[in-house]
Amino acid sequence: MAGFLGILTLMALAVLSLFVGVIDMDPSDLFRDPEAIRLVITSRFPRTIAVIITGAVLAIAGTIMQQILRNRFVEPMTTGTGQGAALGILLATVMIPSAPLLVRMGFASGTALLASIGFLLIVRRLPPTQPLLVPLVGLVYGGLLGAAVTFVAYQYDLLQYIDVWMTGEFSGVLKGRYELLWIAALVGALTYLVADQFSIVGLGRTVSLNLGLNYTQVVLIGLVSISIVTALTVVTVGMIPFVGLVVPNIISRRFGDNLRQTLPMVAIMGAGLVLISDILGRVLRYPFEIPVGTVFGVIGAVVFLWLLYARPHHAR
């Protein structure tokens, strides 16, 4: 029932998104104004689809990362994966300026994977009795990688260029400029095929091995999926923090940790919250836009504090 209501809400938000923007338009215009149809096809529909895919896959990536690290306070954009992707794009831009977008995506995926593996190796040395050290180390680790991105960009006079990747926003999404996100959507959908294995990984390495799971292989699959999703979203729309942190925690508190059951709800809620943030970004300072990364960053920070201080509920 909750999933059905979530789908209906997401569909209603998607329709609303098609008619919110600088150019005033209502549904009746689609039947009498060819320019309105052209606007929807060229701009509004691609933007709405891009927002939905981005929110869904970032929420899924956050869920997988939390299962691998066995910590509820981590997500790709706050633990160095997003910064690693940005570093890869920057290196591709500096080393191969004429490289096509797919090559830059490859660079970004590779550096994001290395950043994720590096963070995993660091947190394994932390005491398990101090779970809040993991997100703190993640923030420091991500900050160091972000500083490296800024340093390289400064050396090559690309500081303004990297702002596109460091702040997520959808104003530049048009037909022909967002299609790489469909690859991220495919990767996110494929993770559902191994959802049960990710649930077992969340029990820890020892339990996973005792249950006959190939722990290293599943962790590698998860890290590769996280890296590809993060790289594609950073390349296309930039970094949007807290999506992979907030959504998995809300779903886990309400429905438990059976990813086979909850992963679709994670995707729906992630898409819905990012879509709400994008709509708010378009109307709060109309006709100007506030980047969705800024809007969700404020919302995510508030929810993160609530998650820290709220009493935990027993998962079903």
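User: In this predicted model, at what N to O distance do the side chains of Glu289 and Arg47 meet in a salt bridge?

Analyst: The two partners belong to distant parts of the chain, with Glu289 in the loop between helix H12 (259-283) and helix H13 (292-309) and Arg47 in helix H2, 242 residues apart. Their side chains nevertheless meet in a salt bridge, and the N to O distance is 2.9 Å.

User: Is Arg47 buried or exposed?

Analyst: The cut-off for a buried residue is under 20% relative accessible area. Glu289, the salt-bridge partner of Arg47, has 35% relative accessibility and counts as partly exposed. Arg47 has a relative accessible area of 7%, so Arg47 is buried.

User: Which residues are linked with Arg47 in a network of salt bridges?

Analyst: The structure holds 6 salt bridges, and one of them joins Glu289 and Arg47. Arg47 is also part of a network of salt bridges, in which the residues linked with Arg47 are Asp278, Arg282 and Glu289.

User: How many residues apart in sequence are the parts that the pair of Arg72 and Asp257 ties together?

Analyst: Arg72 forms a salt bridge with Asp257, and the closest N and O atoms are 2.3 Å apart. Arg72 lies in the loop between H2 and helix H3 (81-95), whereas Asp257 lies in the loop between H11 and H12, so the parts tied together by this pair are separated in sequence by 185 residues.

User: Which residue's side chain is joined to that of Ser252 by a polar contact of 2.6 Å?

Analyst: Ser252 is found in helix H11 (residues 243-255), and with a relative accessible area of 12% it is buried. The partner in question is partly exposed, at a relative accessible area of 35%, and also forms a salt bridge with Arg72. The polar contact of 2.6 Å therefore joins the side chain of Ser252, under the 3.5 Å cut-off, to that of Asp257.

User: In which helix does Arg260, the salt-bridge partner of Asp196, lie?

Analyst: Asp196 and Arg260 form a salt bridge whose closest N and O atoms are 3.1 Å apart. Asp196 counts as partly exposed at 34% relative accessibility, and Arg260 counts as partly exposed at 27%. Asp196 lies in helix H8 (residues 195-201), so the pair ties together parts 64 residues apart in sequence, with Arg260 in helix H12.

User: Which helix gives the largest share of the largest nonpolar core?

Analyst: The largest nonpolar core has 87 residues, and those with the most contacts inside it are Ile68, Leu90, Phe170, Val234, Ile240 and Val243. The largest share of this core is 14 residues, and they come from helix H2 (residues 34-69).

User: What is the relative accessibility of Ile226?

Analyst: Ile226 lies in helix H10 (residues 215-236). Leaving aside neighbours within four places in sequence, Ile226 is in contact with Ala61, Ile64, Met65, Ile68, Pro76 and Thr81. Ile226 counts as buried because its relative accessibility is 0%.

User: What is the area of the nonpolar surface patch that includes Met11?

Analyst: Met11 lies in helix H1 (residues 2-18), and Met11 is exposed because its relative accessible area of 51% is over the 50% cut-off. The patch is made by Phe4, Leu5, Ile7, Leu8 and Met11, and its area is about 490 Å².

Note on methods:
Residues are numbered from 1 along each chain as its sequence is written. This is a predicted model: local features need pLDDT of at least 70, side-chain atom pairs count only at pLDDT 80 or more; totals for chains, interfaces and linings use all residues. Side-chain values use heavy atoms; hydrogens and water are left out. Helices (H or I, at least four residues) and strands (E, at least two) are DSSP runs, numbered from the N terminus. Buried means under 20% relative accessible area, exposed over 50%, partly exposed in between (1.4 Å probe, protein chains only). A polar contact is a pair of N or O atoms within 3.5 Å; within protein, one must be able to donate a hydrogen and the other to accept it, and residues adjacent in sequence count only if both atoms are side-chain atoms. Contact means heavy atoms within 4.5 Å. A nonpolar core is a set of buried Ala, Val, Leu, Ile, Met, Phe, Trp, Tyr and Cys residues joined through side-chain atoms within 4.5 Å. Patches are made of residues with over 30% relative accessible area and no salt bridge: like charges are joined within 9 Å, nonpolar side chains (Val, Leu, Ile, Met, Phe, Trp, Tyr) within 5 Å. Accessible areas come from the Shrake-Rupley method with a 1.4 Å probe; for residues, only the protein chains shown count as cover. A salt bridge is a side-chain nitrogen of Lys or Arg within 4 Å of a carboxyl oxygen of Asp or Glu.
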